[in-house]
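This report describes a ligand site and a few loop residues. The sequence and the structure come first.

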Amino acid sequence: MDHGKLYIVATPIGNLEDITLRAIRILKEVDVIAAEDTRHTLKLLNHLEISKPLISYHRHNEEIKTEILLEKLLEGQDIALVSDAGTPGICDPGEVVVKKCIEQGIKVIPVPGACAMINALISSGIDTKEFVFLGFLPLNKKLRKEKLEEIKNTKKTIILYEAPHKLMTTLTELVELLKNRKIALARELTKIHEEVIRGNIEEILKKSENLKGEIVLIIEGNKDIEIKNKFENLSLEEHFEFYEKQGFEKKEIIKKIAKDRKVNKNEIYQKFI
Ligand code: SAM
């Protein structure tokens with residue numbers, strides 16, 4: 001008998017219209033829906049007028065429930081995995097069953113749709129070319145410190161999920177660490193109170209007291225690293241020429257080179273006399 005297939009189905013992150021026609025069809029066609037919270041998913045299914053056997057699959061029973069799902073898949077049943085909101089496996093249960101299915105040769109099929117981090121990123125106004133998604137910052141002090149260091153030292157845009165009651169603590173830590181980097185706070189995306197607040201971290205901190213709802217933080221990468229790397233590959237002469245072409249005076253250029261290369265300006269001055 002052929003194995004069944006596991007569909008990873010994205011569901012809305014607020015606005016119930018944000019579900020694809022394909023996702024609705026798959027939810028209607030599968031034999032079983034595995035849901036993070038069956039009561040929550042039932043509301044969506046009722047809205048879509050779909051009636052289907054549900055099985056719970058949440059973080060605390062992922063291992064056990066994976067075995068049950070695997071049995072069904074090996075018997076030939078098709079399963080749709082959904083989480084409470086957005087894309088399963090992204091800060092939501094999913095990765096355990098996906099890994100096990102791959103080991104067993106069961107087909108895993110993504111059914112794309114809403115994901116909070118992607119929608120926050122694309123509306124942030126911050127670079128989208130390269131980014132790192134760090135999920136929720138760990139609460140453990142040591143691990144948290146490591147993550148904060150990572151944020152400080154990457155030139156890529158950083159995406160964090162944050163709970164409203166921890167927002168002020170996190171922003172305060174970020175101000176201390178990153179001074180005034182650009183940041184966007186995306187809140188309640190696709191819902192009635194949707195907003196994206198943009199500014200430097202200090203400004204956002206001031207506006208964030210008592211903010212409620214679901215929140216994503218998009219933080220600009222470390223531009224200093226970018227500048228440093230950019231000039232590291234230039235000879236001093238090329239570096240000089242770079243600013244000369246922009247019309248800067250010799251004295252100004254020397255100052256700028258020293259700053260870019262993080263060396264004393266006298267050192268650069270000596271090289272150009
Ligand atoms: N799987 C989900 C996804 O695809 O984005 C994420 C689930 S995670 C448990 C929940 C977190 O996602 C929230 O704490 C918040 O940081 C973010 N989130 C979910 N929905 C959101 C929304 N409508 N607006 C802003 N952030 C949201």
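Asn210 is exposed, with a relative accessible area of 66%. The model is a predicted one, and the residue is placed in the loop between α8 (201–207) and β10 (215–219). Its backbone is also of note: Asn210 has a positive phi of about 65 degrees, although it is not a glycine. Most residues other than glycine have a negative phi.

Glu188 is a second non-glycine residue with a positive phi, here about 50 degrees. The loop that holds Glu188 runs between β8 (182–187) and β9 (195–200). Is Glu188 buried or exposed? Glu188 counts as buried because its relative accessible area is 14%, and the cut-off for buried is under 20%. Asn210 counts as exposed because its 66% is over the 50% cut-off.

Glu75 belongs to the loop between α3 (62–74) and β4 (79–82). With a relative accessibility of 46%, Glu75 is classed as partly exposed. Glu75 and His40 are 35 residues apart along the chain, and their C-alpha atoms are separated by 27 Å.

**Ligand site**

Where does the ligand sit? The ligand occupies the largest pocket. Two elements, β7 (157–162) and β10, give two or more residues each to the shell around the ligand. In total, 19 residues surround the ligand, and the closest are Thr87, Ile90, Asp92, Tyr161 and Ile215. Sorted by class, the shell has 12 nonpolar, 2 polar and 5 charged residues.

Which backbone atoms lie 2.9 Å or 3.0 Å from a ligand atom? The table gives three such pairs, involving Ile13, Ala116 and Leu189.

| Residue | Protein atom | Ligand atom | Distance |
|---|---|---|---|
| Ile13 | polar backbone atom | nitrogen | 3.0 Å |
| Ala116 | backbone N or O | oxygen | 2.9 Å |
| Leu189 | backbone N or O | nitrogen | 2.9 Å |

On its own, the ligand has 580 Å² of accessible area, and the protein covers 90% of this.

On the ligand side, the pairs with Ile13 and Leu189 use a nitrogen atom, while the pair with Ala116 uses an oxygen atom.

Methods. Residues numbered from 1 in each chain as written. Predicted model: local features only at pLDDT ≥ 70, side-chain atom pairs only at ≥ 80, totals over all residues. Heavy atoms only, no water. Helix = DSSP H or I, 4+ residues; strand = E, 2+ residues; numbered from the N terminus. Buried < 20%, exposed > 50% of the residue type's maximum accessible area, 1.4 Å probe, protein only. Near = heavy atom within 4 Å. Polar contact = N/O pair within 3.5 Å; in protein donor to acceptor, adjacent residues only side chain to side chain. Areas by Shrake-Rupley, 256 points an atom, 1.4 Å probe, with all protein chains shown as cover. 1 Å grid on protein atoms, 1.4 Å probe; cavity = no way out; pocket = protein on both sides within 12 Å on 5 of 7 lines; lining within 4 Å. Sits in = over half its atoms within 2 Å of the grid points. Nonpolar A, V, L, I, M, F, W, Y, C, P; charged D, E, K, R; others polar.
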